[in-house]
Amino acid sequence: MTKPQLRRRVRQVCITPSLFSVEQMSGTYGSAVKRQHIVETAYELFKRDGFHATGIDRIIAEANVAKMTMYRHFPSKDELIVEVLGYRARNFDQQLDRVVARADTPRSKIAAILDWYDGWFQSSDFHGCLFAHALAEFGAASHPVFQAVSEQKAGLKQRLYRILEEAMPPDQAEGASSALLMLIEGATLMAQLGQGETAIREARKAVASLVAPSESLQ
């Protein structure tokens, strides 16, 4: 074999696997993008129109994907709903992470969370709590949608508890975090009824009363 032939052979051996890997990565990335697009499309439809009222065919049409693509990613509608709830929960957590990170005391962290809810209630994107809507439509405790809702609410309560335990004994923080969760859920429902401004104002008053006994929350 001549030197030019040898160089060509080495070049083929080195390049071909790299090109194959790029093609594989491209296919995986494209599939992930389509899956995410389906989830985001379904999320917009579910939050506006509800879960049972939004059929798979409509999601397929709005997402502009083939039926085969839909069922390859989500063999059942329940699986899609659970994924949408997970998507919403992750976004929610990231947003609260950012607002809480800018506060430096337990009291200011709780106030920052209420400020976030206040902004959400006033936004054009507010359609009530997606998890509460899901719970209303899927009430059986054994249903995976119910379980997804339960996990999200437990996660929010745990977030509140972690903030309050910085300044309260564990048993007091446990009770206060449960009360705060109920205040937030109630305020969200009132906001959906068009009374968001009143709801958040009353929630702030209740929170101030609830955490007042702990001087270290100042």
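Colleague: Which residues of H5 are buried?
Modeller: In this predicted model, the buried set of H5 is Pro106, Lys109, Ile110, Ala112, Ile113, Leu114, Trp116, Tyr117, Asp118, Trp120 and Phe121. The cover over them includes helix H4 (77–101), H7 and helix H8 (170–211).

Colleague: An Asp on that list caught my eye. Why is Asp118 called buried?
Modeller: Asp118 has a relative accessible area of 16%, and the cut-off for buried is under 20%, so Asp118 gets the label. Asp118 belongs to helix H5, residues 106–122. Setting aside residues up to four places away in sequence, Asp118 touches Ile200 and Arg204.

Colleague: How do you know that the length of H5 agrees with what a helix of 17 residues should span?
Modeller: At 1.5 Å a residue, H5 should span 24 Å, and its end C-alpha atoms are 25 Å apart, so the two agree. If you wonder about the arithmetic, the expected span uses one less than the number of residues.

Colleague: H5 has plenty of rings. Which residues do ring pairs link into a cluster?
Modeller: Phe92, Trp116, Tyr117, Trp120, Phe121 and Phe126 are joined that way. There is a charge in the picture too: the charged end of Arg88 sits over the ring of Trp120, 5.4 Å from the ring centre. The distance part of that label needs CZ of Arg within 6 Å, and 5.4 Å meets it.

Colleague: How many aromatic pairs does the structure hold?
Modeller: The structure holds 12 aromatic pairs. Phe51 and Phe138 make one of them.

Colleague: What makes the pair of Phe51 and Phe138 edge-to-face?
Modeller: The angle does that part: there are 75 degrees between the planes, and over 60 counts as edge-to-face. As for being a pair at all, the centres are 6.2 Å apart, against a limit of 6.5 Å. Both Phe51 and Phe138 are buried.

Colleague: Why can you say that this pair ties together parts that are 87 residues apart in sequence?
Modeller: Look at where the two rings come from. Phe51 is in the loop between helix H1 (3–49) and helix H2 (56–63), while Phe138 is in the loop between helix H6 (130–137) and helix H7 (144–164), so the pair bridges parts 87 residues apart in sequence.

Colleague: What puts the buried residues of H6 on the same side of the helix?
Modeller: The buried residues there are Leu130, Phe131 and Ala134. They cover an arc of only 95 degrees around the axis, which is why they end up on the same side of H6.

Colleague: On to H7. Why does Lys157 count as buried?
Modeller: Lys157, in helix H7, has 19% relative accessibility. Buried means under 20%, so Lys157 qualifies. Its contacts, leaving aside neighbours within four places in sequence, are Glu174, Ser177, Ser178 and Leu181.

Colleague: And why is Glu151 called exposed?
Modeller: Glu151 is in helix H7 as well, but has a relative accessible area of 59%. Exposed starts over 50%, so the label fits. The C-alpha atoms of Glu151 and Gly86 are 9.7 Å apart, with their positions 65 residues apart along the chain.

Colleague: What makes Met190 partly exposed?
Modeller: Met190, in helix H8, comes out at 31% relative accessibility. That is neither under 20% nor over 50%, so Met190 goes in between. From C-alpha to C-alpha, Met190 and Phe121 are 9.7 Å apart, at 69 residues of sequence separation.

Colleague: Which residues touch the most other members of the largest nonpolar core?
Modeller: Ile113, Tyr117, Phe121 and Leu164 do, in a core of 31 residues. H4, H5, H7 and H8 are the elements that give two or more residues to this core, and H8 gives the most, with 12. A second, separate core has 28 residues, including Val39, Ile59, Cys129 and Phe138.

Colleague: Last one: why is Asn64 called exposed?
Modeller: With a relative accessible area of 69%, against a cut-off of over 50%, Asn64 is exposed. Asn64 lies in the loop between H2 and helix H3 (67–73) and has a positive phi of about 55 degrees, although it is not a glycine.

Key
Residues are numbered from 1 along each chain as its sequence is written. This is a predicted model: local features need pLDDT of at least 70, side-chain atom pairs count only at pLDDT 80 or more; totals for chains, interfaces and linings use all residues. Side-chain values use heavy atoms; hydrogens and water are left out. Helices (H or I, at least four residues) and strands (E, at least two) are DSSP runs, numbered from the N terminus. Buried means under 20% relative accessible area, exposed over 50%, partly exposed in between (1.4 Å probe, protein chains only). Contact means heavy atoms within 4.5 Å. Rings of Phe, Tyr and Trp (its six-membered ring) pair if their centres lie within 6.5 Å; planes under 30 degrees apart count as stacked, over 60 as edge-to-face and the rest as tilted. A charge sits over a ring if NZ of Lys or CZ of Arg is within 6 Å of the ring centre and within 35 degrees of the ring normal. The arc is that of the directions from the helix axis to the C-beta atoms. A nonpolar core is a set of buried Ala, Val, Leu, Ile, Met, Phe, Trp, Tyr and Cys residues joined through side-chain atoms within 4.5 Å.
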